[in-house]
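The following exercises concern the architecture of a protein model. Each task is followed by a solution that proceeds step by step.

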Amino acid sequence: MPTAATDTLSADADEARVIDFRTAPDRYHHWDLRIDGRIAWLGLDVDEQATIGEGYELKLNSYDLGVDIELHDAIQRLRFEHPEVGCVVVHSKNERVFCAGANIKMLGRATHAHKVNFCKFTNETRNGIEDASAGSGLGFLCAVKGSCAGGGYELALACDEIILADDGASAVSLPELPLLAVLPGTGGLTRLVDKRHVRRDRADFFCTIEEGIRGKRALDWRLVDSIVPSSAFDAAIAARAGELAAASDRPADATGVALTPLARRIEADALHYDHLDIRLDRATRLATFTLRGPLDELPGSLDEILAQGAAFWPLALMRELDDAILHLRFNEEEIGTWMFKSEGDVARVLAADALLEAHAENWFVREVCLFAQRVLKRIDVSARTLVAAVEPGSCFAGTLLELVLAADQSFMLDGGFEDDERPPADIALSAANFGRLRMVNGLTRLEARSLDDPGAVARLEALRTEPLDAARAEELGLVTFIPDDIDWEDELRILVEARAGFSPDALSGLEANIRFPGPETMESKIFARLSAWQNWIFQRPNAVGEKGALVLYGTGERPQYDKRRV
Amino acid sequence: MAQVDYSELIPNNVDLASDRRLKRALEAWHPKFMDWWCNYGPDQYQDKAVYLRTAVSVDKDGWAQFDHVRMPDYRWGIFLAENNRDEKTINFGEHKGEPVWQEVPGEYRGPLRRLIVTQGDTEPASVEQQRILAATAPSLYDMRNLFQVNVEEARHLWAMVYLLMAHFGRDGREEAEELLERRSGDPDKPRILGAFNERTPDWLSFYMFTYFTDRDGKYQLASLAESAFDPLARTCQFMLTEEAHHMFVGETGVARVIQRACDLMREHRTDDVRKFGAIDLPTIQKYVNFHFSVSEDLFGAEQSTNAANYFTQGLKGRYMEARIKDDHLLKDSPYSVTDLVDGELRQQEVPALTAINERLRDDYIADCQRGVDRWNKLIKEAGIDFEITLPHRAFHRQIGVFSGAHVTPQGKVVDAATWAAREYDWLPSPADHEYVQSLMQQVTEPGRFASWIAQPRIGINNQPIEFPYVKL
């Protein structure tokens with residue numbers, strides 16, 4: 001659990017310390033995770049003092065990034081370590097308050113960059129809850145007793161069902177606009193109308209009153225799924241959790257896979273994991289990722305896969321990649337370009353994908369695949385320029401090829417380097433590229449790059465596992481450019497230097513607009529609206545100016561708004 | 001349905017007769033109120049004639065008319081203090097100097113409604129808490145005082161309901177109904193504030209409640225009486241005249257229990273007054289500790305954004321706002337509050353604006369102390385060496401920075417084990433409750449009083465002590 005302040009969190013913190021996303025239940029400050037048969041009880045019990053930054057206390061079960069890091073960890077562990085659990089009950093251990101949402105003092109003090117990063121991560125965690133529900137049959141039941149405001153209600157909205165205590169006091173609310181002059185930042189507005197189908201006029205009313213809605217009206221307006229008197233509350237929660245658990249297809253008799261601590265070594269300009277190294281070039285603000293394919297023989301059977309557990313390469317690599325991305329997002333804000341390289345054997349990567357395909361029905365394999373999808377989504381929505389460089393000795397096949405497809409621009413060396421014995425690079429497609437690893441807009445990355453040619457994906461599918469050299473890859477539209485060894489270094493250098501010269505804001509906007517062509521989903525809308533609206537409002541004087549609502553909140557002074565509508 | 005003349009039934013100075021919307025709303029609410037009063041108001045004695053004070057107008061002659069009435073026939077009225085100035089302006093906050101509001105500003109509709117509902121909820125709550133007490137009344141005089149408090153609390157409910165109905169539209173009408181639907185101590189639909197879900201099991205608790213908890217009401221009403229929303233301010237100003245009687249019942253009630261103990265101590269030269277059926281001073285002290293600390297919680301957290309906002313917005317001021325010598329904006333002024341830092345109690349300077357609750361609590365504590373001093377004077381006059389003291393503000397708190405901490409009545413922070421070992425030195429133990437409960441025997445002969453309480457010095461409205469205050 002991170003307790004250290006960081007330079008990114010608060011503008012006036014003078015000491016740069018690292019935000020660490022690695023934690024475990026025995027180190028939680030804010031959550032109580034209890035497993036009881038097929039039901040997991042995840043109780044929010046925020047330690048006011050255990051903040052990730054300075055200058056605020058986490059009153060009323062409000063949260064900061066530290067609280068959410070633990071939530072993210074808990075859900076991840078429930079998926080991997082507790083396959084027997086079929087339903088998670090999210091509840092509060094504070095009698096009066098379910099959750100007051102993100103801590104306002106923290107938001108008021110935070111830099112813009114931290115707010116955006118924080119919101120993005122909390123969104124990913126809530127999307128992860130829905131992903132666990134839709135993808136791995138893990139039901140989420142939210143037991144709301146006491147006030148449930150803002151981000152607290154958004155957490156509830158991410159669950160499958162919300163049961164509200166009907167005690168005349170417990171209420172759900174989204175008071176951000178009237179109270180703070182900002183918007184609910186974790187998908188609240190979108191989930192109200194797109195997921196729960198709350199009628200839009202009612203949603204408008206609901207989002208403009210501070211005190212929220214309780215009891216029967218909350219039910220009638222679809223803000224919650226049921227209301228239960230206090231005296232029957234615990235029993236109703238237990239009963240419904242039992243039903244949801246019984247409906248889950250997760251295996252009651254399976255043994256979980258322990259998510260062992262990630263080994264990580266941080267140097268001034270590098271980050272090392274077992275299957276991943278990252279070098280930082282601060283001059284060009286470039287991070288070069290080198291992902292390594294399977295080092296050893298792959299397991300031969302499902303039993304061997306399970307026996308490997310967290311050491312199973314597809315899981316081990318993705319855990320490292322996930323941690324690295326979060327680390328770079330929060331702790332290396334100026335590193336604006338991420339370049340992906342790889343080392344290893346294409347055939348082995350394909351074999352790993354084949355294993356996943358063969359055992360797709362197994363709960364653990366299913367979790368590994370869903371996790372890979374989430375990590376790749378995290379990369380897609382990162383505000384960094386993504387570049388892939390395919391060189392001899394690399395292993396961009398199947399799952400790893402997704403990084404090439406995710407890149408804003410990709411480069412593949414045509415031929416070999418001088419004085420390099422290794423054969424020219426090949427890339428290869430696997431089943432993983434055809435539906436298992438979707439983007440937030442619901443498309444595969446192959447679909448997203450062939451919107452002009454509906455037959456293209458089917459033709460590519462016929463080429464599964466075939467080695468594709470640079471010329472074929474370019475012809476098939478899988479890479480952007482294929483320089484030869486004379487131009488290679490220069491082409492990459494020019495790209496990296498050009499990106500370093502552009503406005504980081506404009507680049508983030510450009511990339512986010514172009515990466516997700518095609519249809520919208522609830523998930524894509526949440527990120528798009530967060531970036532477009534919330535991040536705009538977060539910058540405006542009405543929220544963060546000297547007399548802005550977010551800045552004055554808690555002082556008792558009244559915000560002053562620029563009355564012009566923009 | 002029989003035509004009811006509501007303007008006759010409901011004494012008022014809000015021109016109910018010509019306010020069609022209000023009349024219609026009250027017509028719908030009135031039967032529900034009567035239903036609530038009969039089912040959850042005073043138990044058993046609804047058909048007896050009680051010597052009650054009724055307010056029929058707000059002037060000198062009208063606000064206190066005494067007569068024997070059956071409680072369901074009591075004329076609950078709607079009164080606002082008279083508008084004594086033509087051009088009233090707001091006394092504090094962002095809108096200071098602007099004219100007071102006769103209508104609710106849309107911007108503040110939510111918070112104002114919340115303030116009124118929270119205040120309104122306490123009124124029927126206390127009636128519910130006290131509904132069975134008449135069965136153990138120590139005298140007809142006390143039984144009458146109980147009923148007087150009850151009908152006036154119910155009138156205060158009317159006052160808040162009037163504001164909700166006259167100014168908050170449909171939401172206000174819904175809230176008015178919910179005020180009758182929540183129930184003190186009911187886990188499924190509890191009253192809003194914790195102290196109003198506690199039981200009032202015996203008469204010592206009743207006197208303590210009216211002394212300490214109704215005094216919180218006085219301070220809340222006084223700060224709402226400063227409100228820029230003029231109908232609320234004037235309503236609360238009039239309520240305060242009645243609230244004074246409730247605190248009189250509390251102060252004199254406790255004083256008479258003390259007096260009785262002192263009389264017996266002196267007469268029999270003993271501290272053990274229990275054997276004479278009275279309540280000993282240390283037990284009284286424990287009751288003080290309990291009720292004072294529970295009532296302190298009603299003021300809310302030491303530092304509060306809501307309270308700061310209410311002040312800036314002009315919704316709720318400080319006690320006697322106009323008499324305070326400062327800028328009434330409090331933008332940059334400090335206020336000293338007691339805080340718990342690393343297990344130690346310390347004074348901290350915080351922005352005055354966020355410390356509005358604490359300031360009101362300070363005023364309240366000083367006011368509580370004045371009555372305690374009068375009690376101590378009685379003890380001293382009896383020549384007994386004992387002093388009732390208010391416990392430290394950090395003692396036995398459930399709300400604010402001290403909640404969860406263990407602090408002695410003297411203000412010393414102790415660990416959980418020490419607290420557990422000494423809890424019943426400081427708070428009434430089950431045995432204390434049992435003992436006090438054992439004394440609760442009804443006395444109904446006019447002029448007679450139970451063994452544990454002295455008789456009052458004077459009767460109600462200059463009537464003799466043996467007057468039949470309740471005709472049984």
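The radius of gyration is taken over C-alpha atoms, and the globule rule is 2.2 Å times the number of residues to the power 0.38. The model treated here is predicted.

**Exercise 1. Assess the overall form of chain A.**

Step 1. For 566 residues, the rule gives a compact globule a radius of gyration near 24 Å; chain A has 24 Å, and therefore agrees with the rule.

Step 2. The extent of the C-alpha trace of chain A along its principal axes is about 75 × 55 × 45 Å.

Step 3. Of the 566 residues in chain A, 51% are buried. Among its contacts between residues at least 6 apart in sequence, 74% join residues at least 24 apart.

Step 4. The secondary structure of chain A consists of 22 helices and 19 strands.

**Exercise 2. Determine the strand order of the open four-stranded sheet in chain A, and locate the helix that packs on it.**

Step 1. The order is β5-β8-β10-β11 of chain A, and the pairing is mixed.

Step 2. Strands β5 (97–99) and β11 (213–214) of chain A each pair on one side only, which identifies them as the edge strands.

Step 3. Strands β8 (residues 147–149) and β10 (residues 171–173) of chain A run parallel and are joined by three bridges. In this pair, S147(A) stands opposite A171(A) of β10(A).

Step 4. Helix α4 (residues 151–158) of chain A packs on the sheet and touches β5, β8 and β10 of chain A. The direction of α4 makes about 90 degrees with that of β8(A).

**Exercise 3. Is N94(A) buried, partly exposed or exposed?**

Step 1. N94(A) is located in the loop between β4 (87–92) and β5 of chain A.

Step 2. A residue is buried if 20 or more other C-beta atoms lie within 10 Å of its own, and exposed if 12 or fewer do. N94(A) has 18 C-beta neighbours inside 10 Å and therefore counts as partly exposed.

Step 3. Leaving aside residues up to four places away in sequence, N94(A) touches D45(A), N61(A) and G146(A).

Step 4. L262(A) lies 168 residues from N94(A) along the chain, and their C-alpha atoms are separated by 32 Å.

Step 5. Helix α14 (residues 398–406) of chain A provides a further case for the burial criterion: nine of its nine residues are buried. Among them are T399(A), E402(A) and V404(A).

**Exercise 4. Classify the packing of helices α2 and α5 of chain B.**

Step 1. Two packed helices are described by the angle between their axes and the distance between the axes.

Step 2. The axes of α2 (residues 20–40) and α5 (residues 169–181) of chain B come within 10 Å and cross at roughly 10 degrees. Therefore α2(B) is roughly parallel to α5(B).

Step 3. From α2(B), the residues A25(B), W29(B), K32(B), F33(B) and W36(B) meet R173(B), A176(B), E177(B) and L180(B) of α5(B).

Step 4. The residues of this contact comprise six nonpolar, no polar and three charged.

**Exercise 5. Which helix gives the most to the side of chain B that touches chain A?**

Step 1. The contact involves 20 residues of chain B and 15 residues of chain A.

Step 2. Helices α3 (109–129) and α9 (305–313) of chain B each supply at least two residues of the side that touches chain A.

Step 3. With six residues, α9(B) gives the most to that side.

Step 4. By class, this side of chain B has seven nonpolar, six polar and seven charged residues.

Definitions and conventions. Residues numbered from 1 in each chain as written. Chains lettered and ligands numbered in written order. Predicted model: local features only at pLDDT ≥ 70, side-chain atom pairs only at ≥ 80, totals over all residues. Axes fitted to C-alpha atoms, helices over the stretch in contact; angles between N-to-C directions. Parallel < 35°, antiparallel > 145°, perpendicular 65-115°, else oblique. Contact = placed C-beta atoms within 7 Å. Nonpolar A, V, L, I, M, F, W, Y, C, P; charged D, E, K, R; others polar. Pairing = 2+ DSSP bridges.
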